[in-house]
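Work through the following exercises with the sequence and the structure side by side. Try each task yourself before you read its solution.

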Amino acid sequence: MSQSSKAKRISSCINRLRCKCLTNESIIAYHQTDAIRLVGVGDASSYDADLSRSFSGVGATEAVILLSHTPDIVDQLSTEPVRLILSGHTHGGQIRLPFIGAVIAPGHGLFPKRTKGLYPLPNKRQLYIDSGLGMSRIPVRFWNQSQYSLIDMWSEEQ
């Protein structure tokens, strides 16, 4: 089964659960009086990412979180008003060694530079990469525990 057909099946299952897949689009999420714009971009590793479409209608002063399957999307960002990018894809560098870190990550080759954790970026941006629960075509994780993250957010006033 191709990656594209797998992605469509997963998207279909998510939609049946009445969850929204954000593929090159955005929504506003509200909590009490606070609002956050969630922008979802298509998968850059399959050339489905369209940042201009994703950020269409997003105001320059909005609080924005960008959701991207692959962290490489940060290399395509320019003036988009985003401070936090959440992604995965790397499986945390699937194979890691002590004192060295990631040896290999899907689509990123040997000794990739960004595989898991929080990375400060220019323009006051932060990239967070979750190593996730699964594996790529290589069915092994070595010195790289599966994880999922819970991220607490609060307004600057607090």
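**Exercise 1.** Decide whether Asp 75 is buried or exposed in this predicted model, and then find which side chain meets Asp 75 in a salt bridge.

*Solution.* Begin with the relative accessible area of Asp 75, which is 53%. Since exposed means over 50%, Asp 75 is exposed. Next, look for the partner: the side chain of Arg 114 meets that of Asp 75 in a salt bridge, with 3.2 Å from N to O. Then place both residues in the chain: Asp 75 lies in the loop between E3 and strand E4 (84-87), whereas Arg 114 lies in the loop between E7 and E8, so the pair ties together parts that are 39 residues apart in sequence. Finally, check Arg 114, which at 12% relative accessibility counts as buried, because the cut-off for buried is under 20%.

**Exercise 2.** State how many salt bridges the structure holds, and describe the one between Arg 37 and Glu 62.

*Solution.* The structure holds three salt bridges. In the one asked for, the side chains of Arg 37 and Glu 62 meet at 2.9 Å, N to O. Arg 37 belongs to strand E2 and Glu 62 to the loop between helix H2 (51-54) and E3, so this salt bridge ties together parts that are 25 residues apart in sequence. As for accessibility, Arg 37 counts as buried at 11%, while Glu 62 counts as partly exposed at 26%. Another of the salt bridges joins Glu 25 and Lys 20, whose closest N and O atoms are 3.2 Å apart; here Glu 25 is partly exposed, at 27%, and Lys 20 is exposed, at 52%.

**Exercise 3.** Give the order of the strands in the open sheet, and find the bridge partner of Val 39.

*Solution.* The six strands of this open sheet follow the order E1-E2-E3-E4-E9-E8, and their pairing is mixed. The edge strands are E1 (25-31) and E8, each of which pairs on one side only. From one strand to the next, the twist averages 20°. Now turn to strands E2 (residues 34-41) and E3 (residues 64-68), which pair in the parallel sense over five bridges. In E3, Leu 66 is the bridge partner of Val 39.

**Exercise 4.** Locate Phe 111 in the chain and name the kind of surface patch that Phe 111 helps to make.

*Solution.* Phe 111 is found in the loop between strand E7 (109-110) and strand E8 (117-121). With 53% relative accessibility, Phe 111 counts as exposed. Phe 111 helps to make a nonpolar surface patch of about 1,000 Å², whose other residues include Leu 97, Ile 138 and Trp 143.

Terms used:
Residues numbered from 1 in each chain as written. Predicted model: local features only at pLDDT ≥ 70, side-chain atom pairs only at ≥ 80, totals over all residues. Heavy atoms only, no water. Patch = residues over 30% accessible without salt bridge, like charges linked within 9 Å, V, L, I, M, F, W, Y side chains within 5 Å. Areas by Shrake-Rupley, 256 points an atom, 1.4 Å probe, with all protein chains shown as cover. Salt bridge = Lys/Arg side-chain N within 4 Å of Asp/Glu carboxyl O. Helix = DSSP H or I, 4+ residues; strand = E, 2+ residues; numbered from the N terminus. Buried < 20%, exposed > 50% of the residue type's maximum accessible area, 1.4 Å probe, protein only. Pairing = 2+ DSSP bridges. Axes fitted to C-alpha atoms, helices over the stretch in contact; angles between N-to-C directions.
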